[in-house]
Amino acid sequence: MALFIPHNGCPHKCTFCNQRNIVGQAYQPNADDVTNAVKIAVDSLKENTKEAEIAFFGGSFTAIDREYMLELLDATKPFINSFKGIRLSTRPDCIDDEIVSLLKSYKVTSIELGAQSMDDEVLKLNERGHTADDVRNACRIIKNYGISLGLQMMTGLYGSDFYKDIYTADEFIKLRPDTVRIYPTVIMQDTELANLYNSKKFIPYTLEQSVELCSKLILKFKSENIRIIRLGL
Ligand code: SF4
C-alpha cells in the first residue's frame with residue numbers, strides 16, 4: 001500500500017515541479033489515514049502482507065517536518081511486523097547517518113532516491129539543489145545500513161541529451177542499486193520547464209526518441225540484473 005506525502009513548503013524550485021504553486025492545496029495524510037490505509041491493505045492482502053511494503057512516496061520524505069514524519073512512522077508500528085517493511089522516497093541531500101539510523105529503527109527496508117541525473121550541469125540547470133556526489137554519498141550510507149537502494153532518473157531533462165541520460169544510467173550501475181525507476185520528463189503547466197518550452201529554450205524528446213532511449217536504458221539495467229520498477233510498484 002502506498003501513501004503520497006506532498007512536500008508542502010518545499011524550499012526547492014526544480015524546473016519540472018509545480019509543487020511550489022500548490023502549496024497548502026495538496027492533502028497531507030495524517031496518522032489516522034496511515035492506520036486506515038494499512039488496515040485496508042491487511043484485509044485485502046490477507047496472508048500475503050509479508051511480501052508487501054508500506055510505502056510513503058512523494059519525493060522528500062526525510063525533508064518534511066520531523067514531527068510530522070515521526071507521526072506517520074509511529075502509525076505504522078502496530079502493523080509493521082505483518083509487513084516486509086517500509087519503502088519511501090526522498091532527496092539525495094536529505095540522507096545522513098542520523099536519519100537512516102532512525103528510519104532503520106522503524107523497519108524501513110527500502111529507500112528510493114530521486115537522483116534524476118548524474119550530470120551536475122543538468123542538475124544545476126534544473127535547479128535540483130543537489131549534486132551527483134550527493135547521490136553517491138547517500139547511496140553509500142543507505143547501503144551501509146543494509147537497506148535496499150532504489151534510484152530514480154528522469155530522461156530528457158532541460159540541458160540533457162541521449163549521451164547524458166545514458167551516462168546517468170552508467171553511473172547508476174556503478175552504484176549497484178537494487179531497483180531503478182525511469183521517468184521520461186513531462187512538462188506540467190505553471191512550471192519553469194513550461195516557461196522554457198514556451199520560449200523555445202527547451203525542446204523535449206519526441207515520443208519516438210523517448211521510446212528509443214528508454215528501451216536502451218531498460219536493456220542496460222536488465223543486463224546488470226537491476227530490477228526496473230514501474231509505477232504502482
Ligand atoms: S521535485 Fe523539487 S521542487 Fe518539487 S517537491 Fe521535490 S524537491 Fe521540491
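**Exercise 1. Salt bridges**

Find how many salt bridges the structure holds, and describe where the partners of the pair Arg181 and Glu112 lie.

Solution. In this predicted model, the structure holds 13 salt bridges. Take the pair of Arg181 and Glu112 to begin with, whose side chains meet in a salt bridge at 2.7 Å, N to O. Arg181 lies in strand S6 and Glu112 in strand S4 (residues 108-116), so this salt bridge ties together parts that are 69 residues apart in sequence. Both Arg181 and Glu112 are buried.

Turn next to Glu171 and Lys174, whose side chains form a salt bridge with an N to O distance of 2.6 Å. These two residues are three residues apart in helix H6 (residues 162-174), and about one helical turn separates them. To classify their accessibility, recall that buried means under 20% relative accessible area and exposed means over 50%. Glu171, with a relative accessible area of 7%, is therefore buried, whereas Lys174, with 61%, is exposed. As a further step, look for salt bridges that share partners: they join Glu53, Arg87, Glu112 and Arg181 into one network.

**Exercise 2. A salt bridge and the ligand shell**

Determine which residues are around the ligand, and state whether Arg91 is buried or exposed.

Solution. The residues around the ligand are Cys10, His12, Lys13, Cys14, Phe16, Cys17, Gln19, Ser60, Arg91 and Arg128. Sorted by character, the residues of this shell comprise four nonpolar, three polar and three charged. Arg91, one of the residues around the ligand, also forms a salt bridge with Asp93, in which the closest N and O atoms are 2.9 Å apart. Arg91 has a relative accessibility of 3% and counts as buried, while Asp93, at 30%, counts as partly exposed.

**Exercise 3. The sheet**

Work out the order of the strands in the sheet, and say which strands stand at its edges.

Solution. Seven strands form an open sheet with parallel pairing, and their order is S1-S2-S3-S4-S5-S6-S7. The edges are taken by strand S1 (2-4) and strand S7 (227-228), each of which has a single partner strand, so one side of each is left without a neighbour in the sheet. For a view of one pairing, consider strand S3 (residues 85-90), which pairs with S4 in the parallel sense over five bridges. Leu88 stands opposite Ile111 in S4.

**Exercise 4. Residues in loops**

Locate Thr185, and identify which residues it touches beyond four places away in sequence.

Solution. Thr185 lies in the loop between strand S6 (179-184) and helix H7 (192-198). With a relative accessible area of 17%, Thr185 is buried. Its side chain reaches the backbone oxygen of Thr155 at 2.7 Å. Leaving aside residues up to four places away in sequence, Thr185 touches Met154, Thr155, Gly156, Leu157 and Leu193.

Now compare the backbone angles of two other loop residues. Asp190 is placed in the loop between S6 and H7, and its phi is near 60°, a positive value in a residue other than glycine. Asp190 is exposed, with a relative accessible area of 59%. Glu127 is found in the loop between helix H4 (120-125) and helix H5 (132-144), and has a positive phi of about 55° although it is not a glycine. Glu127 is partly exposed, its relative accessible area being 28%.

Terms used:
Residues numbered from 1 in each chain as written. Predicted model: local features only at pLDDT ≥ 70, side-chain atom pairs only at ≥ 80, totals over all residues. Heavy atoms only, no water. Near = heavy atom within 4 Å. Nonpolar A, V, L, I, M, F, W, Y, C, P; charged D, E, K, R; others polar. Helix = DSSP H or I, 4+ residues; strand = E, 2+ residues; numbered from the N terminus. Buried < 20%, exposed > 50% of the residue type's maximum accessible area, 1.4 Å probe, protein only. Polar contact = N/O pair within 3.5 Å; in protein donor to acceptor, adjacent residues only side chain to side chain. Contact = heavy atoms within 4.5 Å. Salt bridge = Lys/Arg side-chain N within 4 Å of Asp/Glu carboxyl O. Pairing = 2+ DSSP bridges.
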